[in-house]
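Visitor: Hey, got a minute to walk me through this one? I'll throw short questions at you.
Guide: Sure, go ahead.

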Amino acid sequence: MSEVKLAAETRTEFGKGAARRIRRADKVPGVLYGHGSQPLHLTLPGHDLLLALRTPNVLISLDIDGKTSELAIPKAVQRDPLKGFLEHVDLLLVKRGEKVNVEIPVHTEGELAPGGNLLEHVLNALPVEAEATHIPEAVTVSVEGLAAGASIHAKDISLPSGVTLAVEEDAVVLQVLAAQAEEAPEGEAAEGGEAAEA
């Protein structure tokens, strides 16, 4: 997994006014915490952070005030509900070799069995424990040929070496639901019949 380097500055101003000033300068207020240390309030480069966060569980190498370097992963990201820009980010301090609990996206590949069935993502992300510098970006699951009633459990998903489940093995991740579209053709047939009578 790749590391993204970001230059961060410690900040001493707090509150909504300070946060607005930071965002006007295309920067994002954030907090770095973990390992029992005091939370460190930071200002991060907005555009670079936005690009970094496109990768789930991205490993960020923070260059803080040009003096210290820390590794972190995003823990909570707040975005403006309308415009989508970053408002605030919480970062979790990690060390190389340390195991962390994260959720990784579940991607699917393949086609379901014919019949118009629906695939339901019971879990959009799979809780796992992984080494902080080797967090997989996602897991891919084949749904090729699955029919209605089939389900894929957490234990059925193959994980990269060193990554373990942080959820019950029997937790349902994906399930195939039977198509519910029988009523629509009947309605169409009835309308067609009425048209024929008229």
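Visitor: What's the strand order in the open sheet of four strands?
Guide: The order is β10-β7-β9-β12, and the pairing is mixed. β10 (139-142) and β12 (164-165) sit at the edges with a single partner strand each, so one side of each has no neighbour in the sheet. Strands here are DSSP runs of E, at least two residues long, and helices are runs of H or I of at least four, numbered from the N terminus. Two strands pair if DSSP finds at least two bridges between them.

Visitor: Before we go on, what kind of model is this?
Guide: This is a predicted model: local features need pLDDT of at least 70, side-chain atom pairs count only at pLDDT 80 or more, and totals for chains, interfaces and linings use all residues. Residues are numbered from 1 along each chain as its sequence is written, and side-chain values use heavy atoms, with hydrogens and water left out.

Visitor: Back to the sheet. How many bridges join β7 to β9?
Guide: Seven, and the two strands run antiparallel. β7 covers residues 99-109 and β9 covers residues 125-131.

Visitor: Which residue in β9 is the bridge partner of K99?
Guide: That's E131.

Visitor: And G97, where is that?
Guide: In the loop between β6 (86-94) and β7. G97 is exposed, at 58% relative accessibility. The cut-offs are over 50% relative accessible area for exposed, under 20% for buried and partly exposed in between, with a 1.4 Å probe and protein chains only. The C-alpha atoms of G97 and A130 are 9.4 Å apart, with their positions 33 residues apart in sequence.

Visitor: OK, N117. Buried or exposed?
Guide: N117 is buried, with a relative accessible area of 18%. You'll find N117 in the loop between β7 and β8 (118-121).

Visitor: What does N117 contact?
Guide: Leaving out neighbours within four places in sequence, N117 is in contact with L112, A147, A148, V176, L177, A178 and A179. Contact means heavy atoms within 4.5 Å.

Visitor: How far is the backbone nitrogen of A179 from a polar side-chain atom of N117?
Guide: 3.1 Å.

Visitor: Switching topic: pockets. What's the volume of the largest pocket?
Guide: About 190 Å³. A pocket here is an open set of points on a 1 Å grid over the protein atoms alone, where a 1.4 Å probe fits and protein lies on both sides within 12 Å along at least five of seven lines; lining residues have an atom within 4 Å of a point. The volume is the space filled by probe spheres set on the points, which are joined across faces, edges and corners.

Visitor: Which residues line the largest pocket?
Guide: L53, T55, P56, N57, P74, K75, A76, V77, N101, V102 and E103. β5 (68-79) gives the largest share, four residues, and β5 and β7 each supply at least two.

Visitor: N57 is in that lining. What's its phi?
Guide: Positive, about 55°, although N57 is not a glycine. Most residues other than glycine have a negative phi. N57 is in the loop between α2 (46-52) and β4, and N57 is buried at 13% relative accessible area.

Visitor: And what about the phi of D26?
Guide: The phi of D26 is near 60°, also positive in a residue other than glycine. D26 lies in the loop between α1 (16-24) and β2 (27-34) and counts as partly exposed at 49% relative accessibility.

Visitor: Where does S61 sit, and what does S61 touch?
Guide: S61 is in strand β4 (residues 59-64) and counts as buried at 8% relative accessibility. Not counting residues up to four places away in sequence, S61 touches E3, V4, K5, L6, S69, E70 and L71.

Visitor: Last one, the totals. How many helices and strands are there?
Guide: Three helices and 13 strands. Of the 198 residues, 34% are buried. Among contacts between residues at least 6 apart in sequence, 63% join residues at least 24 apart.

Key
A polar contact is a pair of N or O atoms within 3.5 Å; within protein, one must be able to donate a hydrogen and the other to accept it, and residues adjacent in sequence count only if both atoms are side-chain atoms.
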